[in-house]
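Please open the structure in your viewer and display it by chain. The tour below proposes a series of selections and states what each one contains.

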Amino acid sequence: MSSPVTASERTVRHAFGNVLAFFVLILIGVLAFSIRLFSVIKYESVIHEFDPYFNYRVTQFLTKNGIYDFWNWFDDRTWYPLGRVIGGTVYPGLTLTAGTLWWVLHSLNIPLSVETVCVFTAPTFSAFASWATYLLTKEVKGPGAGLAAAALLGMVPSYISRSVAGSYDNEAVAIFALIFTFFLYIKTLNTGSLFYATLNAISYFYMVCSWGGYTFIINLIPMHVLLCIVTGRYSPRLYIAYAPLVVLGTLLAALVPVVGFNAVMTSEHFASFLVFIIIHVVALVYYIKGILSPRMFKVAVTLVLSIGLAVCCAVIAILIAVVASSPTKGWSGRSLSLLDPTYASKYIPIIASVSEHQPPTWPSYFMDINVLAFLVPAGIIACFLPLSDASSFAVLYIVTSVYFSGVMVRLMLVLAPAACIMSGIALSEAFDALTGSIKFHLLGFSIENSQAGAGDASPDNVPAQKNAVKSDASENTLKERTSRKSKKKEKEREKEEQDGKSSLKSQIKRLQVLPFEASIIGVFLLILLGAFYVVHCVWAAAEAYSAPSIVLTSHTQSGLHVFDDFREAYAWLRHNTEVDDKVASWWDYGYQTTAMANRTVIVDNNTWNNTHIATVGTAMSSPEKAAWEIFNSLDVKYVLVVFGGLVGYPSDDINKFLWMVRIGGGVFPHIKEPDYLRDGQYRIDSQATPTMLNCLMYKLSYYRFVDTDGKGFDRVRQTEIGKKYFKLTHFEEVFTTHHWMVRIYKLKPQKNRIRGKSKKSKSKASSTASSTKRRINKNPWL
Amino acid sequence: MKLIRLALPIWSLVLLCVLHASSSQEIQIVNAERRIDLSSHIVKVFLTLKIENTGTSPVSDVLLAFPPTQANHLALLKAQAATGKRKKKTFTFLDVYPAELPEGPNGTKYFSISLHSKLGAGEVVTLEVLYMLTHSLDPFPEEISQSESQLVYYRDSAILLSPYQVKQQITFIKTPSSKIESFSMVEPTNRAGAELKYGPYENRSPHSYSPVIIHFENNNPFAVVEELVREIEISHWGSIQITEQYKLAHAGARHKGVFSRVEYQSRPGHSGISSFRHLLARLPPRVHSVYYRDEIGNISSSHLRLDSKKSELEFEPRYPLFGGWKATFVIGYGLPLEDFLFELPDGKRYLNFSFGCPLVETVVNKLTVKVVLPEGSLDPSVDVPFPVEQYLEKKYSYLDVVGRTVVVLEKNNVVPEHNSPFQVYYHFNPIFMLAEPIMLTTTFFLLFITCVAYLHIDLSISK
C-alpha cells in the first residue's frame with residue numbers, strides 16, 4: 001500500500017524527531033542548571049547552610065591529601081576529645097564525585113577552586129537527573145512522556161530546595177543516582193540484557209556511596225519483583241533484572257566503609273534477600289513445570305509445599321527470635337521512625353529536634369510539588385492502560401514514596417521524581433488524546449477514507465497489539481547496531497509494522513475522539529496549568545530556596561541590608577584565637593565552625609554521640625559555675641551562642657533552648673524540663689522561672705543586652721527580658737558581631753586559691769559533704 | 001636586573017677602596033636640621049645637611065650613619081642635592097648605596113650618597129635626605145583594654161649620628177597630639193604643643209650619640225600588611241587582572257580582655273580609639289569588576305568611588321581590628337590593557353605598573369609581585385627603581401599547554417612611597433593569542449568526526 005517514498009519520508013521524520021528530542025533534552029539540561037543559579041546571582045557563589053560545609057571541608061581534604069589519606073582520615077577537630085573517623089562514617093559518593101570533577105578540570109589546566117566545583121556540583125547533577133528521568137519515563141511510556149517528565153523534574157521545587165548552586169549535599173547527586181538506578185532496572189526488565197543488569201548494580205553502588213536513602217531502592221525493587229511474581233508476570237527478564245542486582249549490589253555495597261557488613265546484617269536489607277530466595281523458588285518451579293507433565297507437577301508441588309512450609313516456619317521463627325533479641329529490633333532509629341512516625345518523638349529527641357524530620361503539612365505538598373499533586377492520579381490511571389512491568393513499577397514507586405513523604409519532610413525529595421514521572425505520563429497522554437482528536441477533526445476524515453480498508457482490527461485486541469508493538473520496539477532498541485544487510489530486511493518488516501501501526505492509530509483515534517471545542521479548551525487549560533507550574537517553580541527557586549542561610553538580607557527603605565554576622569564571627573575565631581582552641585556551641589554550628597573558623601568543636605551536626613550532645617545541652621542549661629566546670633573539663637576555651645533578639649532573627653539558641661534541656665535531661669536527669677517552664681509555657685520575661693533566668697544560655701544571650709535600648713526588649717520573643725542587670729563571673733565577652741547575632745565568650749581562667757579560703761572550705765567540707773557530693777554528680781565528667 | 005644585583009657588591013667594594021683613599025675627616029657638616037614626623041606609624045625623617053669640604057682633594061661621596069636598630073627598620077632612603085638660592089632651588093636626585101666603614105663603632109650602618117660632581121676643596125653643598133622607618137614605635141603598655149588609648153615609645157638620638165664633625169645641628173620632633181607622657185631632656189630641649197625641639201647643639205665630634213626616648217599618644221591605625229601577594233595577569237585580549245592577597249594585622253598595643261560591642265557601638269569616639277575598621281585603597285582609574293572577599297566568601301562592606309583621575313575603594317574588614325587582631329582578604333580588579341601595556345619600536349612590549357601596595361598609610365612587611373606574562377612570551381626583563389629579589393616561575397592557567405612565564409619580584413619592608421612605576425619587558429607574538437581557540441575548535445571537530453565515524457562503523461560479529 002505504502003510506496004518507498006513515504007517510507008523514506010518516515011525515516012527522515014523519525015531522524016528529525018530524534019534530533020528534536022536531543023535538542024529539547026539539552027535545553028532541559030540548561031534549564032535545570034540555570035534555574036538553580038538564582039542563589040549565586042542574588043547572593044554569591046558560596047556553600048550553603050550546615051551539612052554542605054562539612055562536605056566541602058571533606059572535599060578540600062580529599063583534593064589536598066589524596067584518596068588514601070581520605071579513607072584513613074581521623075578528624076581530631078571535631079567531637080573533642082573523641083574525634084571522628086571521617087573515612088569510615090561518611091557517604092563518600094558526593095565527595096569523590098566533586099573531587100574527581102576537580103581533578104579532571106585541573107588536569108586540563110582549568111584552575112577552578114574546590115569551592116567553585118562544590119558550588120556547581122548540585123546544578124550539574126540536577127541536569128543529569130532530568131536526563132535520567134527522560135530515560136526512565138521513556139522506558140515506561142515512550143519518549144513524549146519522557147520529555148514531559150524531564151522538563152517537570154528539571155524545575156520541581158522539592159528538588160530545587162536541595163540542589164541550588166551552593167547546596168552541596170548528598171541528596172544533590174543521590175537523586176540522580178536513584179533515578180538512574182531505576183532506569184537501568186526497568187531497562188533490564190524490558191530487554192533482559194545482562195549488560196544493563198551489571199550497569200544497574202554499578203549504578204546502585206554509586207547510590208550506596210552517595211546517600212543513606214539507598215535502602216529505598218533495595219526495598220522498592222524487591223517489592224516490585226514480588227508484585228510481578230504475585231500477579232503472574234514472572235519472566236526470565238525479571239530474573240535477570242533482579243538476581244544480579246542483589247548479588248553484585250550487595251557485594252559492592254559492602255565495599256563502602258560506612259555500610260560495610262550492614263549490607264547483610266541489618267533489617268533494611270532483609271527484604272531483598274527474602275525476595276531473592278522467592279524468585280529462585282519461582283524460577284525453579286517454572287523450570288520444573290516446563291520439564292514435568294501437569295499431573296506429575298501437581299504431585300511435586302504438594303510434596304515440596306508441605307516440606308518447604310515446615311522448614312520456612314522454623315527459619316522464620318529463628319529469625320524473629322534473633323531480631324527480637326536486639327533492643328531496636330535490628331532497625332536503625334531513622335528507619336524505625338519511617339515505619340512508626342511517632343517513634344522518634346517518643347524515644348529520640350535528637351531526631352525529633354531536626355525540623356526536616358517532622359511530618360509535612362499539606363501546604364508543603366503544594367509548595368514542593370505544586371500542580372503535580374493533581375496530575376499524579378491521572379498518571380496512575382494512564383499507567384494502568386495498559387499495565388506493563390515498567391508501568392507497574394512506576395505505580396509502586398509513587399505509592400511508596402507518597403507514604404514516606406508523609407512521614408518525613410525530607411523524603412518529599414524521593415516523592416518529587418515519582419510525581420514528575422506520573423505527571424509527565426499524564427500530560428503526555430492527555431496531549432496525545434486532545435491533539436489527536438483535533439487532528440481527527442481537521443484532517444481525520446481523509447486519513448480515515450484512505451485507510452479504511454486496512455483498519456479492521458477489532459477494538460478488543462487493541463491493547464494486546466499495542467503491547468506487541470511495544471515489545472517489538474524494545475527489541476529494536478536491543479538490535480540498535482545490527483548489520484546493514486539485516487537493516488534492509490528490517491526496513492521491510494518495519495514497513496509492514498508501520499502500516500499496521502497507522503491503521504491501529506486511526507483505530508484508537510476513532511475510539512478516543514473528543515469534540516473539537518472541548519479538546520481545544522483542554523489543550524489551552526493544560527498549557528495554562530503548565531505555565532502556572534513554571535511560574536511557581538521560578539518563584540520558589542528565586543525567593544524561597546536560594547537563600548544560603550549564612551548571609552541574611554532584609555529590605556529596608558534605604559535599600560538592601562546585609563546581615564553577615566555568622567561569617568564575621570567565624571572569621572574572627574579563625575584569625576584571632578589559637579589554632580588548638582576548642583569552641584563549644586550547640587551542635588547546629590559545629591560543621592560551620594570547623595569549616596569556616598577551622599577550630600575544634602565539641603559536637604557537630606553529625607549527631608553520632610547522644611551523650612556528648614547531652615553534655616553540652618546540660619552545660620547550656622546549668623547555672624554559670626556548673627557550666628564552667630563542665631566546659632573546663634572538656635578543655636573548652638570559647639563558648640559561642642547565637643542570639644537573634646536584637647535584630648529579630650528567629651532561629652537562635654534561645655528558641656532552640658528547650659531541645660537542649662530535653663536532650664540534656666534525657667541523659668542527665670537532674671536537668672528537668674518543667675524547671676524551665678512556667679505553667680507549661682516557655683518564656684524569658686519576668687514571669688520566667690529562676691532556673692531559666694539563671695541558666696548559662698540565658699546569661700550568655702542577654703549579657704549587657706539591656707544597655708542597647710535601656711529596656712532589654714527582645715524582638716524575637718516580643719517581650720522585655722526577665723533579668724536585665726547581671727554580671728558574669730566565670731565567662732567574659734570577647735567578641736560580639738555587628739548585629740549581635742553571634743556572641744563569643746571566653747572561659748575565665750581558674751582563680752588562684754587563697755590560703756585562708758581553702759582552709760575555710762575545708763572546715764566546712766565535713767558539714768556540707770552531701771551537697772558537694774551532689775554538685776560533683778552534676779558534672780558528668782567527674 | 002640581575003646585573004644590578006651583581007653590581008651592588010662590586011659597587012660597595014669600589015666604595016671601600018674609595019673610602020680608604022679619602023679620609024672622612026675632610027668633610028664637615030656645617031649645619032644639620034632634622035625634622036622627625038611621628039604622626040603615623042611610619043616614621044618620616046627629613047634631614048637637611050649643609051656640607052663643606054675642608055680637605056684638599058675633591059670628594060665624591062658623602063656618608064650617612066644609622067644606628068643598627070634604625071638600619072634594620074629603614075624602609076626608604078632618598079637623597080637629593082639642592083642648588084640655587086631660596087625660591088629658585090632645583091633638586092637633583094642622587095644615588096644612595098650601602099657602604100662599609102671599618103672603624104665604625106658598635107655595628108653602625110653606613111649609606112653613601114654619591115654626588116653628581118665632585119665637591120672641590122672649600123666648596124659647600126646642601127643635601128636633602130628623606131628616610132622612613134617602620135616598626136619603630138613600640139607600644140607601652142604593650143597591652144591595653146578597650147577604653148584605653150595607645151601610648152608608644154620612640155627612641156632616637158638627640159644628636160645626629162654622623163662620621164663627620166657637625167658644627168651646628170637642631171632636631172624637631174612632631175607628635176600626632178600634644179599628649180606627651182614624657183621625653184628625655186638633653187639641654188637645650190623645648191616643648192611647644194605637639195612639637196619637641198632638641199638643640200641647637202654645636203661642634204659635636206664624629207659618632208657622638210645621645211639617646212632620647214619619647215613616650216606619647218598615637219591612636220593612628222597601625223595597619224601592617226604582614227604579607228601581600230600581588231598577581232598581575234596580562235591578557236592580550238584586552239585586560240589586566242590584578243589579584244591582591246592580604247594578611248593584615250594591627251601592629252599596635254595588643255588588645256587585652258573584654259571586647260564589648262555595646263561600648264564600641266555606643267561610644268565610637270571613646271571606646272576602641274586605637275582600633276580601625278576602614279581602609280582605603282587607591283586604585284588606578286578605569287578600574288572594573290572589583291571584588292573584595294576572603295576564604296569564606298564575599299565581604300559586603302565596601303564602596304568604590306570612580307573618577308577620571310583615580311579610583312578609591314573604601315572597605316572594611318569583617319570586624320574592627322584591635323591591637324594584635326588579624327584578618328585576611330583578597331582584592332581583585334581588572335584594568336584596560338591599553339593604559340598599562342605599551343610597545344617599543346623594536347616590537348618589544350612592556351608593562352608599566354606601580355609596584356607597592358595600594359592601601360593608604362600601611363607598611364607591607366613582605367611584598368611579592370608576580371607578573372604573569374601571556375603564554376608564549378619570551379625573554380622577560382625587569383626595570384625596578386630600587387633593589388628587589390627576583391626570579392622566574394611557571395603558571396598554568398585556563399587550558400595552558402606550555403605554561404605562562406611569571407616574573408616574581410620580592411621586597412621586604414615596603415612603604416606607600418614605594419608606589420613608583422616599574423617595567424617588565426618581553427617579546428610576544430600575537431599568533432599565540434589564537435592557540436587556545438584553535439585548540440578547542442580542533443578538539444570539538446575531532447570529537448564530532450569520531451562520533452560520525454562511530455555511527456557509520458558496524459562492529460557487530462554476528463550478521
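Select both sides of the interface between chain A and chain B: 19 residue pairs are in polar contact there, both residues being at pLDDT 80 or more. A polar contact is a pair of N or O atoms within 3.5 Å; within protein, one must be able to donate a hydrogen and the other to accept it, and residues adjacent in sequence count only if both atoms are side-chain atoms.

Next, on the side of chain A that touches chain B, select α27 (565-576) and β10 (731-736), each of which supplies at least two residues. The largest share, seven residues, comes from α27(A). Helices (H or I, at least four residues) and strands (E, at least two) are DSSP runs, numbered from the N terminus.

This is a predicted model, in which local features need pLDDT of at least 70, side-chain atom pairs count only at pLDDT 80 or more, and totals for chains, interfaces and linings use all residues. Residues are numbered from 1 along each chain as its sequence is written, chains are lettered from A and ligands numbered from 1 in the order in which they are written, and side-chain values use heavy atoms, with hydrogens and water left out.

Now select A:Arg704 and B:Glu263, which form a salt bridge with their closest N and O atoms 3.2 Å apart. Across this interface the rule (a side-chain nitrogen of Lys or Arg within 4 Å of a carboxyl oxygen of Asp or Glu) finds five salt bridges.

Finally, widen the selection to every contact (heavy atoms within 4.5 Å): 33 residues of chain A meet 33 residues of chain B.
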